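Student: Can you walk me through this structure? I'd like to start with the strands and then wander a bit.

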Amino acid sequence: MGHQKRESMRGKVKRIVHVERGAACPECGYTPLRPTEEVVGRTIINLVLTRSGVKKTLTRYVGFKGYCIKCTRIYAPPEIRKYGKHQLYGHGFKSWVAHQRVALRLPYGSIVEAAEEYFGEKMNEGSIPGFIQDLGQYYIEAEKGIVQTLLQSPFIHADETKISIQGVNQYVWVFTDGNYVIFKLTETREPAIIHELLKNYTGVLVSDFYPGYDSAPCQQQKCWVHLIRNLNSDLLESPFDAELERFAWEVKNLIVPVVNDAQRYGLKKRILYKFKKDVDLFYKNSINDKDLKSDLAQKYQKLFIRYQDSLFTFLEHDGIPWHNNTAERAIRHVAKQRAISTSFYASVMENYLVLLGIKQACRFQGKSFFKFLLSGETDLEKFEARKRKR
């Protein structure tokens with residue numbers, strides 16, 4: 001099928017690129033390759049940006065093969081070999097497909113239909129996972145760079161959610177500082193990924209109250225939004241629990257002035273540290289050695305004791321968030337895709353998550369994920385620099 005299509009495209013090619021013969025053997029490294037008179041060509045379908053959108057291009061790459069006297073084999077030029085033996089589509093076309101799937105969450109069938117409607121390309125649904133895998137591997141180094149950037153950040157938000165991989169539950173984890181994002185897939189909810197990623201981290205981990213985060217080898221800030229949300233939920237379900245109501249009132253009196261000042265003046269230690277004395281007074285009057293009778297009130301008493309060192313970290317540092325909303329924003333895309341797709345394929349998921357991390361980083365930074373993919377760039381900072389130069 002691919003060969004027939006390639007043959008039918010030859011008459012439509014508008015651009016021919018002559019590429020150089022390889023200098024060294026790709027197998028053994030022997031140099032120089034001996035010139036031959038054997039010509040090889042490859043026609044690639046691609047997409048390029050225009051002022052009004054994107055257009056399809058057909059480019060034929062032509063060059064002479066080289067002969068390795070050590071391997072006694074003939075090799076096509078590197079610019080042709082990089083496309084693979086049966087490859088029809090270039091980076092730009094794969095980028096468009098990835099954008100449809102990753103950013104727009106379109107089903108495979110809809111992507112195939114759109115490719116034919118927009119570009120006259122009759123694709124198979126089965127080719128889409130291969131495109132995702134190819135681009136995921138292309139951006140592996142970009143992800144490694146994002147990890148290193150995250151580890152230099154004063155704080156990292158983390159969250160996780162369950163997904164189905166071919167009917168088996170696994171977990172997607174997100175780590176972000178509000179500018180850069182990575183996703184990781186694990187078979188269980190065990191916190192090994194946290195220890196692996198943050199083993200040398202010296203900043204603050206911002207998370208919810210899942211116990212798996214407690215053993216992270218760094219300072220922590222627990223999410224007050226989760227705490228308040230859970231407390232309100234318990235109040236609604238237990239409207240006659242006077243002790244819980246009184247406890248919630250005391251928590252409100254403690255945290256509302258802190259949050260108000262944080263929102264008004266920013267997350268600055270010189271502004272917020274003054275509330276440390278109020279925290280100490282709260283623990284003295286409402287937590288320590290208090291004989292609470294209500295089961296729910298006891299639950300929150302134990303929670304405040306357990307997390308005393310990580311509920312108020314943001315008072316002692318500049319710029320540390322008091323909630324984990326950023327991680328929830330980043331991982332919400334996975335939850336929406338989960339509702340659409342129900343189940344994912346193991347062979348695609350890890351590469352999909354590489355691309356999704358870059359997509360969410362572009363979103364947080366106000367950059368175009370589609371244009372970043374089309375550019376072929378693998379560094380978000382360099383991509384921004386190129387934009388500024390224009």
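Tutor: We'll go through strands, rings, cysteines and a few single residues. Keep in mind that this is a predicted model.

Student: Okay, strands. In which sense do S2 and S3 pair, and over how many bridges?

Tutor: Antiparallel, over 14 bridges. S2 covers residues 34–50, and S3 covers residues 53–68.

Student: How many residues does the hairpin from S2 to S3 go through?

Tutor: The hairpin joins them through 2 residues.

Student: Which residue in S3 stands opposite isoleucine 45?

Tutor: Leucine 58.

Student: What holds paired strands together, in general?

Tutor: Strands of a sheet pair through backbone hydrogen bonds. The pairing is either parallel or antiparallel.

Student: Now the open sheet. What's the order of its strands?

Tutor: S7-S6-S5-S8-S9, so count 5 strands as you read along. The pairing is mixed. At the edges sit S7 (181–186) and S9 (219–222), each pairing on one side only. From one strand to the next, the twist averages 30°.

Student: How do S5 and S8 run, parallel or antiparallel?

Tutor: Parallel, with 3 bridges joining them. S5 spans residues 155–165 and S8 spans residues 204–207. Histidine 157 stands opposite valine 206 in S8.

Student: Which helix lies across S5, S6 and S7?

Tutor: Helix H6, residues 140–150. H6 runs at about 110° to S7.

Student: Switching topic. How many aromatic pairs are there?

Tutor: A search of the whole structure gives 23. One of them is tyrosine 138 with tyrosine 139. Their centres are 4.9 Å apart and the planes make 80°, an edge-to-face pair.

Student: Are those two tyrosines buried or exposed?

Tutor: They split. Tyrosine 138 is partly exposed, at 38% relative accessible area. Tyrosine 139 is buried, at 0%.

Student: And what about tyrosine 210 and tyrosine 213, why is that pair called edge-to-face?

Tutor: Because their planes stand at 90°, and an angle over 60 counts as edge-to-face. The ring centres are 5.7 Å apart. Both tyrosines are buried.

Student: Which residue lies over the face of tyrosine 210?

Tutor: Arginine 189, at 3.7 Å from the ring centre. Tryptophan 249 has a residue over its face too: lysine 252, at 4.7 Å from the ring centre.

Student: Which residues do ring pairs link into a cluster?

Tutor: Tyr89, Phe93, Trp96, Tyr118, Phe119 and Phe131.

Student: Cysteines next. How many disulfides?

Tutor: The count is 0.

Student: Why is cysteine 28 not bonded to cysteine 71?

Tutor: Their sulfurs are 3.5 Å apart, so they are too far for a bond. The cut-off for a disulfide is 2.5 Å. Cysteine 71 holds the closest cysteine sulfur to that of cysteine 28. Cysteine 28 is partly exposed, at 34%.

Student: How far is cysteine 218 from the nearest cysteine sulfur?

Tutor: That sulfur belongs to cysteine 223 and is 16 Å away. Cysteine 218 is in no disulfide. Cysteine 218 is buried, with a relative accessible area of 16%.

Student: Now single residues. Where is asparagine 324?

Tutor: In the loop between helix H12 (295–306) and helix H13 (325–341).

Student: Is asparagine 324 buried or exposed?

Tutor: Buried, with a relative accessible area of 0%. Leaving out residues up to four places away in sequence, asparagine 324 touches His157, Ala158, Asp159, Val206, Ser207, Asp208 and Cys223. We met two of these earlier: histidine 157 stands opposite valine 206.

Student: And asparagine 260, where does that lie?

Tutor: In helix H9, residues 242–265. Asparagine 260 counts as partly exposed, at 36%. Asparagine 260 and arginine 229 are 31 residues apart in sequence. In space, their C-alpha atoms are 18 Å apart.

Student: Last one, glycine 22. Which loop is it in?

Tutor: The loop between strand S1 (15–18) and S2. Glycine 22 is buried, at 9% relative accessibility. Setting aside neighbours within four places in sequence, glycine 22 contacts Leu33, Pro77 and Pro78.

Student: How far apart are the C-alpha atoms of glycine 22 and glutamate 79?

Tutor: They are separated by 8.7 Å. Along the chain, the two residues are 57 residues apart.

Key:
Residues are numbered from 1 along each chain as its sequence is written. This is a predicted model: local features need pLDDT of at least 70, side-chain atom pairs count only at pLDDT 80 or more; totals for chains, interfaces and linings use all residues. Side-chain values use heavy atoms; hydrogens and water are left out. Two strands pair if DSSP finds at least two bridges between them. Helices (H or I, at least four residues) and strands (E, at least two) are DSSP runs, numbered from the N terminus. Rings of Phe, Tyr and Trp (its six-membered ring) pair if their centres lie within 6.5 Å; planes under 30 degrees apart count as stacked, over 60 as edge-to-face and the rest as tilted. Buried means under 20% relative accessible area, exposed over 50%, partly exposed in between (1.4 Å probe, protein chains only). A charge sits over a ring if NZ of Lys or CZ of Arg is within 6 Å of the ring centre and within 35 degrees of the ring normal. Axes are lines fitted to C-alpha atoms, for helices over the stretch in contact, and angles run from 0 to 180 degrees between N-to-C directions. Contact means heavy atoms within 4.5 Å.
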